[in-house]
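Reader: I would like a close look at a single part of this model, namely the place where the two chains meet and the helices and strands that build it. Please take me through it in one connected account.

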Amino acid sequence: MNPRLAGIAAALLVAGVVSGAESPGLPKWNEGGRANNQVAAGSPLTGHEPRTTVDLAVAATTPGEELPEKFRGGGADTARGGTTEFGKKTKTAEKKSSILEKLRPYSEMAVRFRIPAAVAAGLLAAGWLAGTCLRRRVRYRLPVMDVEPRLGGDYAAGVGAVISFASATVSLASQRDQL
Amino acid sequence: MDANAIFGGNALRRRRLTDQAGILRHSERAQVDAAMARLSRRLPQVFVAVHTGAMDELATLRQFGFWLLNRTTFEDVPGGLTNDSGIVIIIDPESKAAGMAFGYLLDPYLEEADTFECLSRGHAHWLEQRYAEGIVKAIGHLQATLCKRARQARRNPGFFQRKVLPPAIIAAVPRHVRDPAQPVGEQVKPTEVRP
C-alpha cells in the first residue's frame, strides 16, 4: 500500500475518533457530497489554504508541502519564550550547513583530485601485490660452512630440543628436556 | 650407550615421512607432505623428514634422531641432497615426546632454542592428539626461522662463521683483532714493564 495513502487514512481515522461528528472535514453518511466538496476545496493540490483535518493530514504527508504558520507545532511555545523541538531542529540544520560550508573547499579539492588519487591508490595496491608475490617466490640460500664432524656422525650431530606433551596442566617450559 | 648398539649399524632406506606409529590419516599425510615440500621450495638446500614411532625404553629421542640422520638414506629427497642438509622431527606418541635433529649444514643456523621454539608451535596440537596440524605448524615455524637466518647470513656471514670455528681459532681471534699485523695463532712476547 502507498505510504502516503496509508498516512491519510490513519489521519482520517484518528480525526474521526477524536472529534466525532463535529469535525468539519469528516464526511458523514448523509453528507458525502458536501464533505467531498470541502476536501476538494481545501486540498493542497488546489493551492488553497487548508481548512479541514483531511487537508492538514494531506499536507503533513505530502513531501515539500509547507504547513501554514498557525498549524506548525510550538508556535505558542515560541511566543512564550520556550525552546521547542522545531527550534532545535532548525539550529541543528544551521550548524550542519555551516560545517558543510567550511568543508566545501576540501570537498571541491577532493573532486578535483579524485582521478590522480585513484591512480595512486591503484599503483600502491599493485605494488603491494607484486611485492607479496615476489616475496612468496623468493628462494633463500644458506652459506655452506665447514663444520668439523662430531660424535662420530658422518652427516649430523646437531641435536635439538626434546619436549614432552604428556600433560596440558604443566607448562611447556617445564616439559622441556625432561627425557 | 652407543646409538648403533641400540638401533643397529645397518643403513636404512626410508621415505621422508615415515608414520610407523600410524597416527596420521591419508589426508593428514598429504598436509605434512605439502608442508615439507613448501620448505624445500623456499630453501632448496634443506629438507625435512618426519618420523613417528614408539622408541625402545633404552633409547632416547636424541639418540634416535642422531642415528636416523646418520644411517638413513631418504629416497624422496629433492635434488639429491645429502643428510647433512636434513632436519628430522621425531614424534613418539606412546611416551608423548617429540624431538628434533639436524645436519651439519644447519649447525651454524639452528640452536637448541630455535628447535624448542619450533616444537613448541606444535605442542598444543599434539596435546590434543592432532599430530598432523602440530607437525605442519612446527615445519612452518622452522621455515620462517631458516629464512630469517638466511637473510642474516647474507648481511653478516662472519657472525655465523664464528659459531663453527674450532676453539683454538676462536681463542686467537681477539688477539688477531687487537693487532692486525699479528698472524693468527702466533705467540706474543710479554712486554717488559719497568717501574
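Author: Axes here are lines fitted to C-alpha atoms, for helices over the stretch in contact, and angles run from 0 to 180 degrees between N-to-C directions. The model is a predicted one, and in it H4(B) and H5(B) pack with their axes 7 Å apart, at an angle of about 155°. Angles over 145 degrees count as roughly antiparallel, and therefore H4(B) is roughly antiparallel to H5(B). The crossing in which H4(B) passes H5(B) is right-handed. On the H4(B) side the residues that meet H5(B) include B:Asp114, B:Glu117, B:Arg121 and B:Trp126, while those that H5(B) brings to them include B:Tyr131, B:Lys137, B:His141 and B:Thr145. By character, the residues of this contact of H4(B) with H5(B) divide into seven nonpolar, five polar and five charged.

Both helices also belong to the side of chain B that faces its partner. There, 47 residues of chain B are in contact with 27 residues of chain A. Helix H3 (61–71), strand E6 (97–103), helix H4 (112–127), helix H5 (131–155) and helix H6 (157–163) of chain B each supply at least two residues of the side that touches chain A, and H4(B) gives the most, with eight residues. The residues on this side of chain B comprise 28 nonpolar, 12 polar and seven charged.

The strands carry the account across the chain boundary. Strand E1 of chain A, residues 156–164, pairs with E6(B) in the antiparallel sense over six bridges, and among the positions involved A:Ala156 has B:Gly103 in E6(B) as its bridge partner. This pair belongs to an open sheet of five strands, with mixed pairing, whose order is E1(A)-E6(B)-E5(B)-E3(B)-E2(B). Its edge strands are E1 of chain A and strand E2 (17–19) of chain B, each of which pairs on one side only, and the twist from one strand to the next averages 15°.

At the E2(B) edge, three bridges join E2(B) to strand E3 (residues 47–52) of chain B, and the two run parallel; B:Asp19 stands opposite B:Thr52 in E3(B). Helix H2 (residues 26–42) of chain B packs on the sheet here, touching E2 and E3 of chain B, and its direction makes about 155° with that of E2(B). H4(B) likewise packs on the sheet, touching E1 of chain A together with E6 of chain B, and the direction of H4(B) makes about 35° with that of E1(A).

Methods: Residues numbered from 1 in each chain as written. Chains lettered and ligands numbered in written order. Predicted model: local features only at pLDDT ≥ 70, side-chain atom pairs only at ≥ 80, totals over all residues. Contact = placed C-beta atoms within 7 Å. Helix = DSSP H or I, 4+ residues; strand = E, 2+ residues; numbered from the N terminus. Nonpolar A, V, L, I, M, F, W, Y, C, P; charged D, E, K, R; others polar. Pairing = 2+ DSSP bridges. Parallel < 35°, antiparallel > 145°, perpendicular 65-115°, else oblique. Left-handed = near helix turned anticlockwise from the far one by under 90°.
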